[in-house]
Amino acid sequence: MARIAYVNGRYLPVDAPAIGVEDRGFQFADGVYEVWSVRDGRFLDHAGHMARLERSLGELRIPMPMTPRALDVVLRETLRRNRVRDGLVYLQITRGAASRDHPFPVPAPRPTLVVTARSADLAAAGKKAAEGVGIVSTPDNRWGRCDIKSVGLLPNVLAKQAAREAGAHEAWFVDNEGRVTEGASSTAWIVTAEGVLTTRHLDQRILPGITRSTVRAALDAEGIPFEERAFTLDEAKAAKEAFITSATSFVTPVVSLDGAPIGEGRPGPVARRLRALYEAAARADGGA
């Protein structure tokens with residue numbers, strides 16, 4: 001079955017020419033995106049992703065192209081037309097098309113809205129979580145507003161490519177002081193050598209992960225102590241456990257960093273427990 005995309009009010013084949021060549025998302029990366037995981041036809045962490053989308057748009061002063069309720073209808077219809085029960089929905093909103101110039105165009109163009117959906121291999125994802133993944137470190141050379149889910153992802157692309165060429169799954173960005181900021185497409189967590197569950201505090205250097213937020217709430221509900229602070233690459237290499245969180249990876253254990261094993265070199269009990277807690281919590285927040 002041919003995949004279908006929603007593009008500015010129309011449902012079209014994904015390969016149909018539908019975006020203007022002067023769209024500012026194409027020319028300036030002037031836009032934002034969101035990704036929802038879908039399980040059994042339900043969006044996971046639905047409300048959190050919608051709220052983050054509105055925040056990112058607000059930071060760039062791009063108006064919502066429609067109300068959240070109407071957008072929700074579009075998301076679900078795109079899911080239905082692609083017959084996706086388990087997979088991902090991707091949404092992108094740009095400032096729109098206008099004659100190329102750096103300042104915001106006046107009058108403001110209509111924002112461009114694109115939504116796509118695709119199925120995912122749950123068995124492969126489960127196998128990856130059961131075995132754990134490898135991570136490589138890379139200097140953090142991104143812009144200073146990583147809290148905005150911008151479509152400007154070239155440093156992330158290069159980091160992911162470096163990870164792939166090293167036989168790893170993900171890359172962790174490291175700042176000039178040797179502290180891990182986050183992954184190229186995930187939040188970084190460790191269980192320190194002292195047994196403390198740790199993830200970086202929220203600031204403009206990292207994206208406020210929705211999966212991160214759900215895991216945090218699960219920790220509070222279960223009474224599991226943790227701390228939010230920056231941790232160094234050396235701490236991560238000496239950690240008992242490490243794992244990543246994201247909408248696509250849920251909670252996935254990290255078993256190696258820069259080729260060296262983390263802890264015992266296999267998924268640890270904390271990561272395994274948190275994955276189960278996350279799945280339960282996220283499903284409770286999912287839409288119908």
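Q: Two strands count as paired when DSSP finds at least two bridges between them. With that in mind, over how many bridges do S3 and strand S4 (residues 42-43) pair?
A: This is a predicted model. Here S3 and S4 run antiparallel, and Arg39 has Arg42 in S4 as its bridge partner. The cut-off is at least two bridges, and the S3 and S4 pairing has two.

Q: Which residue in the turn between S3 and S4 has a positive phi?
A: S3 and S4 make a hairpin, with two residues between them. One residue in that turn has a phi of about 55 degrees, and its name is Asp40.

Q: Where do S2 and S4 sit in the open sheet: at the edge or inside?
A: Six strands line up as S2-S1-S6-S5-S3-S4, with antiparallel pairing. Strand S2 (10-13) and S4 each pair on one side only, which puts both at the edge.

Q: Why is strand S3 (residues 31-39) largely enclosed by the rest of the structure?
A: Check both faces of S3: Gly31, Tyr33, Val35, Ser37 and Arg39 lie on one side, with Val32, Glu34, Trp36 and Val38 on the other, and all are buried. Buried here means under 20% relative accessible area. S3 is largely enclosed because the number of its nine residues that are buried is nine.

Q: What is the bridge partner of Glu34 in S5?
A: S3 and strand S5 (residues 87-94) run antiparallel and are joined by eight bridges. In S5, the residue bridged to Glu34 is Leu91.

Q: Which residue in S6 stands opposite Thr94?
A: S5 is also joined to S6, again antiparallel and again by eight bridges. Across from Thr94 you'll find Thr112.

Q: How many residues does the largest nonpolar core have?
A: Nonpolar side chains tend to be buried together in soluble globular proteins. In this core, Leu53, Leu75, Val89, Leu91 and Val115 have the most contacts. S3, helix H2 (46-60), helix H3 (68-81), S5 and strand S6 (112-119) each give two or more residues to it. Leu91, for one, touches residues including Val32, Trp36, Leu53, Leu75 and Val115, and the whole core has 22 residues.

Q: How many charged residues are in the lining of the second largest pocket?
A: This pocket has a volume of about 170 Å³. Its lining includes Arg24, Asp30, Arg95, Phe104 and Trp143, plus Gly31, the last of which is also one of the buried residues of S3. The lining divides into five nonpolar and three polar residues, and the charged ones number three.

Methods:
Residues are numbered from 1 along each chain as its sequence is written. This is a predicted model: local features need pLDDT of at least 70, side-chain atom pairs count only at pLDDT 80 or more; totals for chains, interfaces and linings use all residues. Side-chain values use heavy atoms; hydrogens and water are left out. Buried means under 20% relative accessible area, exposed over 50%, partly exposed in between (1.4 Å probe, protein chains only). Helices (H or I, at least four residues) and strands (E, at least two) are DSSP runs, numbered from the N terminus. On a 1 Å grid over the protein atoms alone, a cavity is a set of points where a 1.4 Å probe fits but cannot get out, and a pocket is an open set with protein on both sides within 12 Å along at least five of seven lines; lining residues have an atom within 4 Å of a point. Grid points are joined across faces, edges and corners, and a volume is the space filled by probe spheres set on the points. Ala, Val, Leu, Ile, Met, Phe, Trp, Tyr, Cys and Pro count as nonpolar, Asp, Glu, Lys and Arg as charged, and the others, Gly among them, as polar. A nonpolar core is a set of buried Ala, Val, Leu, Ile, Met, Phe, Trp, Tyr and Cys residues joined through side-chain atoms within 4.5 Å. Contact means heavy atoms within 4.5 Å. Lists of a residue's contacts leave out its neighbours within four places in sequence.
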